[in-house]
Amino acid sequence: MKKVLVIGSGGTIGLCLLKFLLAEGKYEITAVDLKNNKSSKKLKKYRNRINVIYSDCLDRSLIDNLIKDHDYVYNLATCLPPLAEYKKGLCDIIETNVTENIIKAINYYNPNCHLIYGSSTSVYGSDNINNEINIDKLDYFNSAKVKTEKLIMKKCKNYTIVRVPLVLSDLRTDPFLYNIKKGSYIECITKEDAAYAFCKIIDKDKIVNRKILDIGLIRVNINDLINNILKYHGISFKYILSTIFEEKNYYSPVLSNSEKSNEILKYKNDSIESYYMRLKRRSRKRKINILIGRIILKIKRVK
């Protein structure tokens with residue numbers, strides 16, 4: 001039985017990935033995350049089916065011991081905007097330093113271990129369909145992602161880098177779509193399809209080894225997306241906060257090669273319509289929020 005290590009397992013994609021790996025029924029899984037109320041609550045239901053470890057992945061001895069015994073390691077630990085933009089150096093610690101510890105352990109103890117790293121399509125910048133890196137020096141999040149990718153490509157024997165676009169998930173915890181420039185035509189993906197893409201890498205490990213994959217394939221105008229969120233999910237504190245205070249500096253460009261990744265991994269099962277249906281179902285009890293959201297929509301149309 002193959003042994004799989006998931007670092008950053010309490011995140012949006014990490015939790016979904018655990019479900020898919022368990023559904024495969026052919027892996028021994030170890031999940032690692034920082035211990036806090038959120039991660040403990042989310043990972044609690046998996047304790048009898050997988051190995052759950054709460055720890056800081058900067059702990060070299062922990063990483064060494066785990067890497068020795070695993071065939072695949074997913075590094076999904078990250079520091080997302082806007083927090084990433086407020087503290088210079090935080091992204092480097094979480095992204096680059098953790099990955100460097102993983103690579104050192106792989107090279108020393110387990111050279112055949114396959115590292116799967118979660119990066120971001122935002123490294124391409126805004127409206128970039130030419131698949132060229134285009135980032136600002138003060139963009140700490142994407143600078144750390146690119147630095148980490150280069151480290152992996154230089155020092156790791158077996159790896160796959162997955163660049164993920166805007167993830168459509170739980171709007172109570174993931175408000176990044178509100179930070180995208182109005183009118184932008186974007187590429188995005190549901191958390192389910194993103195996690196499934198990561199899961200399928202194990203089956204296709206020889207094909208995708210030493211490759212960078214862009215995933216996505218849901219393409220939509222950000223204005224239409226936000227209007228439908230107001231319609232089905234309603235008004236929220238995150239929406240108000242982002243509208244008033246946050247900069248519109250998060251990118252999720254439409255790319256030219258995400259279709260190729262789907263041809264290999266066959267991960268796409270969702271559409272924007274299926275996302276809206278789930279959003280509507282999950283938000284049934286938010287009646288007042290939805291009413292206010294639809295009033296705002298009417299005001300926007302009048303303007």
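## Close-up views of a predicted model

**View 1. A positively charged surface patch is formed by Lys231, Lys280, Arg294, Lys298 and Arg301.** The model shown here and in the following views is predicted. Helix 13, which spans residues 287-302, supplies the largest share of this positive patch, namely three residues. Lys231, another member of the patch, has its place in helix 9, the element that covers residues 222-232. With a relative accessible area of 33%, Lys231 is classed as partly exposed, because its value lies between the 20% and 50% limits that separate buried from exposed residues.

**View 2. Leu291, Ile295 and Ile299 make up a nonpolar patch on the surface.** Taken together, these three residues present about 280 Å² of accessible area. Ile299 belongs to helix 13, the helix that also contributes three residues to the positive patch of the preceding view. The relative accessibility of Ile299 is 44%, and this residue therefore counts as partly exposed. As background to this view, an α-helix has 3.6 residues a turn, so residues three or four places apart point the same way.

**View 3. Helix 7, residues 191-200, is largely enclosed by the rest of the structure.** This description rests on the burial of its residues, because nine of the 10 in the helix are buried. The buried residues of helix 7 include the charged residues Lys191, Glu192, Asp193 and Lys200, and Ala194, Ala195, Ala197, Phe198 and Cys199 are also listed among them.

**View 4. Thr12 and Cys199 are 187 residues apart along the chain, and their C-alpha atoms are separated by 14 Å.** Thr12 is found in helix 1, which runs over residues 12-24, whereas Cys199 is one of the buried residues of helix 7. Thr12 itself, at 27% relative accessibility, counts as partly exposed.

**View 5. Cysteines are shown in a model for which the count of disulfides comes to zero.** Cys57 takes part in no disulfide, and the cysteine sulfur nearest to it, that of Cys113, lies 14 Å away. For Cys91, which is likewise in no disulfide, the nearest cysteine sulfur is that of Cys79, at 4.3 Å. The pair Cys91 and Cys79 is therefore not counted, because a disulfide requires the two sulfur atoms to be within 2.5 Å. Cys57 has a relative accessibility of 8% and counts as buried, and Cys91, at 2%, also counts as buried.

Note on methods:
Residues are numbered from 1 along each chain as its sequence is written. This is a predicted model: local features need pLDDT of at least 70, side-chain atom pairs count only at pLDDT 80 or more; totals for chains, interfaces and linings use all residues. Side-chain values use heavy atoms; hydrogens and water are left out. Patches are made of residues with over 30% relative accessible area and no salt bridge: like charges are joined within 9 Å, nonpolar side chains (Val, Leu, Ile, Met, Phe, Trp, Tyr) within 5 Å. Accessible areas come from the Shrake-Rupley method with a 1.4 Å probe; for residues, only the protein chains shown count as cover. A salt bridge is a side-chain nitrogen of Lys or Arg within 4 Å of a carboxyl oxygen of Asp or Glu. The place of a charge is taken as NZ of Lys, CZ of Arg, CG of Asp or CD of Glu. Helices (H or I, at least four residues) and strands (E, at least two) are DSSP runs, numbered from the N terminus. Buried means under 20% relative accessible area, exposed over 50%, partly exposed in between (1.4 Å probe, protein chains only).
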